[in-house]
Amino acid sequence: MNMIFYRYNSVCEPDYIDAFKGMGINVIEDDDGMDNSLNISSKIHKIGELIADYAPLFIFSINYFPFISIICDKLGVIYMAETVDCPVFEIYHNSIRNKNNRLFLFDYAQYLSIKDYNSEGTFYLPLGSPIERNSRLLGDENTYLYDISFIGSLYNEKDPFLSLKIRSDKKMNLTDLMEKQIQNSSFGIDYINSNLRLEDIEDVNFKESLFDNADMVINLDQSVFINNYLTYHMAYLERTKILNSLASEMGEGVVHLFTRSSTDRIDPRIVKHDGVKTLTEMPFVFRQSKININTTMRSIQTGIPQRVWDILSCRGFVLTNYQPEIEEYFEIGKHIETYENEEELREKVKYYLEHDDEREKIARLGFEEVRQKHTIIMRTISMIKAVTSFIG
């Protein structure tokens, strides 16, 4: 059985390649997506040649590419894609209607927004844990080097809101909306969606959008504006505030930040480290930290981000902002811990640093839960079942 795996250098790709191979599938890698100099015509030609040579059961990619859907529809090949980011604006391209699509979305809110345009080819599927890779890498590692760790970007180096050229009163209104959203809920962008005014975005140039709205099943102006300008700024505000608050509460040397972002506004009591490599270094930090903090990007409205699954796969203790889908898969306080505001975060950090046995039990049970029910190979099996059922 052959499949073509279209690659563009997503950090998630190696785990899915290993999973498909572990199922006995012959994986033909198309790495044209890694070459930014190639145009769409060249990529289509390459995929066409691979289809002719290997007669694959399906073509797969991390996230969704309309041009792959279009060529698969013309050649009668199934296109299977799994989103690991949210939003993925490409899913709103008219090609989403193609009958050969098999699209898997991990954020239920985004799934609901698109499912009616292709009800037979659109599925909700949570992300999974790379148990096999991290277990091989970590072995029996059990040394704690850090009390509290956060790994990730602060987004101040790529915060387009700061350079947004609109009237000052509009910018103040947007800032107020973001602050109220953060105060209103630990997740999502519902408050902003409900209160954003058309006049707040009418001066913004949307030529940077991925597609003309005529090519889309819905108008994306508001969504593009919120996710390209506001969610990055909210991430910067939240992450900076949370880390500085923990440093103020816990004192010097307790909080560790691993980032490639500028740390000019980070409390000097925080221990600053360079960024770590996702596949080879990050798992050790997860395992060697007593508490791993996760703050989910607001663009992920209800789903569980890959970072949470990664920490659990390393037998790390997770303290994450609450997301609605967490309780669908985990018992809070048994497999994972959550916070809904800054005060609750500080209280739980303090409590679990003082209760080693409870913390380590949660980390162990969380690991067992994902090992038994939520591995990446289990997710690939679910996708294959959907594809083969469609063929049958």
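**Close-up views of a predicted protein chain**

**View 1. Tyr-351 is partly exposed, with a relative accessible area of 32%.** Its sequence neighbour Tyr-352 counts as buried, at 6% relative accessibility. Buried stands for under 20% relative accessible area, exposed for over 50%, and partly exposed for anything in between (1.4 Å probe, protein chains only). This is a predicted model, in which local features need pLDDT of at least 70 and side-chain atom pairs count only at pLDDT 80 or more, while totals for chains, interfaces and linings use all residues. Residues are numbered from 1 along each chain as its sequence is written, and side-chain values use heavy atoms, with hydrogens and water left out.

**View 2. The whole protein chain comprises 15 helices and 12 strands.** Its radius of gyration is 22 Å, close to the 21 Å that the globule rule gives for 392 residues, so the chain is as compact as a globular protein of that length. The radius is taken over C-alpha atoms, and the rule is 2.2 Å times the number of residues to the power 0.38. Helices (H or I, at least four residues) and strands (E, at least two) are DSSP runs, numbered from the N terminus. Along the principal axes, the C-alpha atoms fill a box of roughly 60 × 55 × 35 Å. Buried residues make up 55% of the 392 residues. Of the contacts with a separation of 6 or more, 64% join residues 24 or more positions apart. Contact means heavy atoms within 4.5 Å.

**View 3. The surface of the protein chain exposes about 17,300 Å².** Carbon and sulfur atoms supply 46% of that area. Accessible areas come from the Shrake-Rupley method with a 1.4 Å probe; for residues, only the protein chains shown count as cover. The chain carries 42 positive and 60 negative side chains. The centres of these two sets lie 1 Å apart. Lys and Arg count as positive, Asp and Glu as negative; His and the chain ends are not counted. Each charge is placed at NZ of Lys, CZ of Arg, CG of Asp or CD of Glu.

**View 4. The structure holds 22 aromatic pairs.** One is edge-to-face: the rings of Phe-20 and Phe-60 have centres 5.1 Å apart and planes at 70 degrees. Phe-20 lies in helix H1 (residues 13-22) and Phe-60 in strand S3, so the pair ties together parts that are 40 residues apart in sequence. Phe-20 is buried, with a relative accessible area of 0%. Phe-60 also counts as buried, at 0% relative accessibility. Tyr-351 and Tyr-352 form another edge-to-face pair, 5.1 Å centre to centre, with 90 degrees between the planes. Rings of Phe, Tyr and Trp (its six-membered ring) pair if their centres lie within 6.5 Å; planes under 30 degrees apart count as stacked, over 60 as edge-to-face and the rest as tilted.

**View 5. Helix H1 has Glu-13, Asp-15, Tyr-16, Ile-17, Ala-19 and Phe-20 as its buried residues.** Tyr-16 and Phe-20 join Phe-5, Phe-58 and Phe-60 in one aromatic cluster. Just after H1, Gly-24 takes a positive phi of about 85 degrees.

**View 6. Helix H3 (residues 66-75) buries Pro-66, Phe-67, Ile-68, Ser-69, Ile-71 and Cys-72.** Their cover includes strand S1 (2-6), helix H2 (40-54), strand S3 (58-62), strand S4 (78-82) and strand S5 (101-105). Gly-76, just after H3, has a positive phi of about 75 degrees.

**View 7. Asp-200 lies in helix H8 (residues 198-201).** Asp-200 is buried, with a relative accessible area of 1%. Leaving aside neighbours within four places in sequence, Asp-200 is in contact with Ile-166, Lys-170, Asn-173, Leu-174, Leu-177 and Phe-225. Phe-286 stands 86 residues from Asp-200 along the chain, and their C-alpha atoms are separated by 41 Å.

**View 8. Asn-9 has a positive phi of about 80 degrees although it is not a glycine.** Asn-9 is found in the loop between S1 and H1. It is exposed, with a relative accessible area of 56%.

**View 9. Tyr-155, a residue other than glycine, has a positive phi near 70 degrees.** Tyr-155 sits in the loop between strand S7 (146-151) and helix H6 (168-184). It is buried, with a relative accessible area of 14%.

**View 10. The peptide bond from Cys-86 to Pro-87 is cis.** Its omega is near 0 degrees. Pro-87 belongs to the loop between S4 and S5.
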